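Here are a few short exercises to work through with the model open beside you. Try each task before reading its solution.

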Amino acid sequence: MPLTIIRRPVEGPAKVCDNVTSVSFPAEAGGKFAQEYQYGSKDWREMYGHGRNSVESFNACLKDGGRDC
């Protein structure tokens, strides 16, 4: 895929987020995509902690030019 060429870049800092209010949603609203375990709970850490550590360690290895992964 060829690189996109931007001929006239935006001047000044772009607005990333300009909302001034927050919105709350009840837990039931996202039930279809909810995780089985409450985020951050003991069960959640046991289920997802090892995989996350493995991915983060591998990413750190890739970023370190002095190591072979």
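**Exercise 1: Placing D64**

D64 sits in the segment after α1 (42-63), where helices are DSSP runs of H or I with at least four residues, numbered from the N terminus. This is a predicted model, in which local features need pLDDT of at least 70, side-chain atom pairs count only at pLDDT 80 or more, and totals for chains, interfaces and linings use all residues. Residues are numbered from 1 along each chain as its sequence is written, and side-chain values use heavy atoms, with hydrogens and water left out.

Task: Work out which exposure class D64 belongs to.

Solution: Start with the cut-offs: buried means under 20% relative accessible area, exposed over 50%, and partly exposed in between (1.4 Å probe, protein chains only). D64 has 35% relative accessibility, so D64 counts as partly exposed. As a last step, look at S24: the C-alpha atoms of D64 and S24 are separated by 40 Å, with the two positions 40 residues apart along the chain.

**Exercise 2: Aromatic pairs**

Task: Find how many aromatic pairs there are.

Solution: Rings of Phe, Tyr and Trp (its six-membered ring) pair if their centres lie within 6.5 Å; planes under 30 degrees apart are stacked, over 60 edge-to-face, and the rest tilted. The count comes to two aromatic pairs. Y39 and W44 are edge-to-face, at 4.6 Å centre to centre and 65° between the planes. W44 and Y48 are tilted, at 5.7 Å and 40°.

Next, add exposure: Y39 is exposed at 61%, W44 is buried at 18%, and Y48 is partly exposed at 35%. Finally, ring pairs link Y39, W44 and Y48 into a cluster.

Terms used. Helix = DSSP H or I, 4+ residues; strand = E, 2+ residues; numbered from the N terminus.
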